[in-house]
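Here are some notes for someone opening this entry for the first time. Please read them with the structure on screen.

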Amino acid sequence: MKNIGLALGGGAVLGAAHIGVLKAIEEKGIEIKFITGTSIGAFVAALYAFGKNWNEINDITSELKWMDITSISLSRYSLLSNEKFGALLKKHIGDKNIEESNIPLAVIATNAATGEKVILRKGSVAKAIMASTCIPGIFNPVVIDDNMLIDGGIVENVPINTLRKIGANFIIGVDLNANHNYQKPGNILDVLMNSFHFIMQQAAKLQTEDADFLIKPDLSAFDRTDTTQIVGLIEKGYEDALVALEKIDLTPSQNWVVKALNAIKHTLGITTAEN
């Protein structure tokens, strides 16, 4: 039985392209059984996991402006707060816990003290999304269970490995940064955003190699902080995902079968003689 999982990567405003990807997935009739997300990908994943379809998510995000989801913060840790991000989520799905989602959901964050990956699978979904979208230096860290958490993109920007751990056996990953050109920064937010994404870009290349199917929308013409581009990003995500999904093969790959057989052999203590 095919348990298809969807991993939505981070990318700030580029995350609007995820909505177009979801539109293409729905049109293809692909049923998502598990979903994970990092940063803006976690926000979209949470809405989808709690029953919002691509069109409803489009309605929620299309009117957003940068300051609609942020507020000035004089914190020693950041320039802004993303508390309005959590409030927006509560408005549309209610004050829910992650474990109440229709589709099993995992949200990725980073422990600011240790640098370790934190997989959030229970507790307040709004707080988890605030933690996962907490870009260092821009947004206030979020404290959950006495741990100070920041953006999950630092440790796993396209959470493919996590998706496999929670039960998916066929992984569709969406990498928003694979085909993106960086522009000359126009302000301090651009400098911080570019610097942050430079750090995680190389790691993401390795992380996405384990996907069974990878969607990489060409977002080179878009800026990652300009919310006036949301409509164009959604359309581009849809167009590129539709083309990519024409090639999808939902039968288990030979690589997956080999891994499964090796795992069974290991469990049974069977060794294979080398030729």
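1. Strand β6 is the element that contributes most to the lining of the largest pocket, giving three residues. The model is a predicted one, and the pocket described here belongs to that model. The space in this largest pocket comes to about 220 Å³. Its lining has 13 residues, and those closest to the centre are Leu120, Lys122, Gly123, Ile144 and Asp145.

2. Which elements give two or more residues to that lining? They are β6, which spans 117-120, helix α5, and β8, which spans 147-151. Sorted by class, the lining of the largest pocket holds six nonpolar residues, three polar ones and four charged ones.

3. Helix α5, named above for the pocket lining, also packs against another helix. It covers residues 125-132, and its axis comes within 8 Å of the axis of α4, residues 83-93. The two axes cross at roughly 145°, and the crossing is right-handed.

4. Which residues meet where α4 and α5 are in contact? From α4 they are Glu83, Gly86, Leu89, Lys90 and Ile93, and from α5 they are Val125, Ala126, Ile129 and Met130. By class, this contact is made up of six nonpolar residues, one polar residue and two charged residues. Glu83 and Lys90, both on the α4 side, are the charged pair under the classes used here.

5. Phe34 is a residue to look at in strand β2, which runs over residues 34-38. Is Phe34 buried or exposed? Phe34 counts as buried because its relative accessible area is 14%, and the cut-off for buried is under 20%.

6. Leaving aside residues up to four places away in sequence, Phe34 touches Asn3, Ile4, Gly5, Leu6, Ile103, Pro104, Leu163, Ile166, Gly167 and Ala168. Ala7 is 27 residues from Phe34 along the chain, and the C-alpha atoms of these two residues are separated by 8.7 Å.

7. Some totals for the chain complete the picture. The secondary structure amounts to nine helices and 10 strands. The chain has 275 residues, of which 52% are buried. Among contacts with a separation of 6 or more, 75% are between residues 24 or more positions apart.

Terms used:
Residues are numbered from 1 along each chain as its sequence is written. This is a predicted model: local features need pLDDT of at least 70, side-chain atom pairs count only at pLDDT 80 or more; totals for chains, interfaces and linings use all residues. Side-chain values use heavy atoms; hydrogens and water are left out. Axes are lines fitted to C-alpha atoms, for helices over the stretch in contact, and angles run from 0 to 180 degrees between N-to-C directions. Helices (H or I, at least four residues) and strands (E, at least two) are DSSP runs, numbered from the N terminus. A crossing is left-handed if the near helix is turned anticlockwise from the far one by less than a right angle, and right-handed if clockwise. Contact means heavy atoms within 4.5 Å. On a 1 Å grid over the protein atoms alone, a cavity is a set of points where a 1.4 Å probe fits but cannot get out, and a pocket is an open set with protein on both sides within 12 Å along at least five of seven lines; lining residues have an atom within 4 Å of a point. Grid points are joined across faces, edges and corners, and a volume is the space filled by probe spheres set on the points. Buried means under 20% relative accessible area, exposed over 50%, partly exposed in between (1.4 Å probe, protein chains only).
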